[in-house]
Amino acid sequence: MRISVMSQIQRGLSIELPSLVPLQLPSRMETHVWYILPDEVKSTSLLKHYSQLLSPLENEKVLQMRGDELKKNALLARTLVRTTIARYQTNNAVDPGSLMFKKNMYGKPEVDWQNCNNPPLHFNISHTDSLIACGVTAHVPVGIDVEDKERKIKHDVLAFAKRFYSIDEVDYLSALPDPEVQRTEFIKLWTLKEAYVKALGKGFSAAPFNTFTIQVKAGTRGGYNLCETSETTATPLGKTRKCDGGWKFALLELAGSHYAAVCTEDDQASEGSPMRVIVRKTIPFVEDELITEPKLL
Amino acid sequence: MASLSTTSLSFKAPSIQSTRISQVLRKPSSFQSIAFGRFQSSRSLRLQISCAAKPETVQKVSDIVKEQLALSADTALTAESKFSALGADSLDTVEIVMALEEKFNISVEESDAQNITTIQEAADLIEDLVQKKPATEAS
């Protein structure tokens, strides 16, 4: 099926794109992560099909991007959101082109189900030049942030952290012996912190980066804690810090090239249990690939 | 809905640029931060009526943006250019703000930093902060 679709597209034939394979909603313990690698999407007729899914406003915004690569990535980002959500068909098939979106009162995008068939589905998207990812959960808010592992920070990493991160995070980074390790840990922390703010969905002013600390949960693999930071003086780690739950984190490596952090609200039904992340790479309507062993960091 | 009394507006010059007001009012995030956000100080109330920033400031901001986003020197940037349309993500925006802080010797609050979306907004914020610096701090 995949081969015939792609060859038809390559020959420029007008085709009916196959339907998206329907999926069940993620369970309360799961986050589904879907990602696209823009470099793998080259067919102009496929891109044209994608643009037909977008609303006029979305297409307008795509055109406002400066340069062909940014336009393509913006198109793929909206396509990823629409096709991903449309896969989770609870009662009837959902046409990805018919989905409507709105923003919550702080500006976080969400689906506007228009009062028909409100599945408890949450999503969040993040993109870099070379990877676009969409996280999906049921019942709980989700935030996702991706960064290229090799991303170079123009400023001195510690100076940047001192300016924006919490005292404990600065201490953690300062203690690392190697500047390259400092850089990668800085980026991992960035994605975790961004994912949290995006999951919270109240805008950046609701959770300034220096007011919270994310640290590795001792004795777990891939577990992270969210702690409040005392703004005044640095207190010994873990003593007077409030590190209650409430939010779950996962940090992954995607496609060997990117860090992806996912944050979901920890609801009582699944309290304490780690987040299970199911990762799929996709070229919508062409191929979906389940990543059988996602690399957790 | 935030209500404005004349005492809460700061007039930088006799004339008011109506486009500046409508820009600020139209932008959802700045509106929301007025109605729903927490204010640490009056400085975080971004709805201020002032003249648009000087062209030199806009130019300096453009140069920093080009450098941070690795744009070619001949990329045409205007005051209205949006960071997101140039491919800037949140990390880029924060790096741009840090570079602006260094260049202009100012300190930007994080909530303001994350709310900057265009070159004009960055330039206006810079001039606002530069003006507010006490005379003894003149660099």
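**Exercise 1. In the predicted model, which residue of β10(A) is the bridge partner of A:L254, and how do the strands around this pair assemble into a sheet?**

Solution.
Step 1. The bridge partner of A:L254 is A:H258, in β10(A).
Step 2. Strand β9 covers residues 247–254 of chain A and strand β10 covers residues 258–265. Their pairing is antiparallel and extends over 8 bridges.
Step 3. Both strands belong to an open sheet of 4 strands, with the order β6-β10-β9-β13 in chain A and antiparallel pairing.
Step 4. β6 (142–148) and β13 (295–296) of chain A are the edges; each has a single partner strand, so one side of each lacks a neighbour in the sheet.
Step 5. Helix α7(A) lies across β6, β9 and β10 of chain A. Relative to β6(A), α7(A) runs at about 155°.

**Exercise 2. Give the strand order of the open sheet of 5 strands in chain A, and work through its pairings from β4(A) to β12(A).**

Solution.
Step 1. The order is β4-β5-β1-β11-β12 (chain A), and the pairing is mixed.
Step 2. At the edges are β4 (121–127) and β12 of chain A, each of which pairs on one side only. From one strand to the next, the twist averages 20°.
Step 3. β4(A) pairs with strand β5 (residues 132–138) of chain A in the antiparallel sense, over 7 bridges. A:F123 has A:V136 of β5(A) opposite.
Step 4. Strand β1 (residues 30–36) of chain A runs parallel to β11(A), and 6 bridges join the two. Here A:W34 is opposite A:R280 of β11(A).
Step 5. β11(A) and strand β12 (residues 287–291) of chain A run antiparallel and are joined by 5 bridges. A:I283 faces its opposite residue, A:E287, in β12(A).
Step 6. The hairpin of β11(A) and β12(A) has 3 residues between the strands. In this hairpin A:F285 takes a positive phi near 75°.

**Exercise 3. Is strand β11 of chain A largely enclosed or left open by the rest of the structure?**

Solution.
Step 1. The criterion for a buried residue is a relative accessible area under 20%.
Step 2. In β11 (residues 276–283) of chain A, 7 of the 8 residues are buried, so the strand is largely enclosed by the rest of the structure.
Step 3. For the chain as a whole, 51% of the 297 residues of chain A count as buried.

**Exercise 4. Which residues of helix α6 of chain A are buried, and which elements are included in what covers them?**

Solution.
Step 1. Helix α6 spans residues 167–174 of chain A, and A:D168, A:E169, A:V170 and A:L173 are buried.
Step 2. The cover over these buried residues includes α5 (157–164), α7 (179–200) and β7 (212–216) of chain A.

**Exercise 5. How many aromatic pairs does a search of the whole structure find, and what geometry do two of them, A:Y165 with A:F186 and A:Y196 with A:F212, have?**

Solution.
Step 1. The search finds 12 aromatic pairs over all chains.
Step 2. The ring centres of A:Y165 and A:F186 are 4.9 Å apart and the planes are at 0°, so this pair is stacked.
Step 3. A:Y165 is in the loop between α5 and α6 of chain A, while A:F186 is in helix α7, so the pair ties together parts 21 residues apart in sequence. A:Y165 and A:F186 are both buried.
Step 4. For A:Y196 and A:F212, the ring centres are 4.8 Å apart and the planes are at 70°, so this pair is edge-to-face.
Step 5. A:Y196 belongs to helix α7 of chain A and A:F212 to strand β7, so the pair ties together parts 16 residues apart in sequence. A:Y196 is buried at a relative accessible area of 10%, and A:F212 is buried at 4%.
Step 6. One aromatic cluster includes A:Y165, A:F186, A:Y196 and A:F212, and among its other members are A:W190 and A:W247.

**Exercise 6. Over which rings do the charged ends of A:R78 and A:K193 sit?**

Solution.
Step 1. The charged end of A:R78 sits over the ring of A:F101, at 4.8 Å from the ring centre.
Step 2. The charged end of A:K193 sits over the ring of A:Y165, at 5.3 Å from the ring centre.
Step 3. A:Y165 also stacks with A:F186.

Methods: Residues numbered from 1 in each chain as written. Chains lettered and ligands numbered in written order. Predicted model: local features only at pLDDT ≥ 70, side-chain atom pairs only at ≥ 80, totals over all residues. Heavy atoms only, no water. Buried < 20%, exposed > 50% of the residue type's maximum accessible area, 1.4 Å probe, protein only. Contact = heavy atoms within 4.5 Å. Pairing = 2+ DSSP bridges. Axes fitted to C-alpha atoms, helices over the stretch in contact; angles between N-to-C directions. Phe/Tyr/Trp six-rings, centres within 6.5 Å; stacked < 30°, edge-to-face > 60°. Lys NZ or Arg CZ within 6 Å of the ring centre and 35° of its normal.
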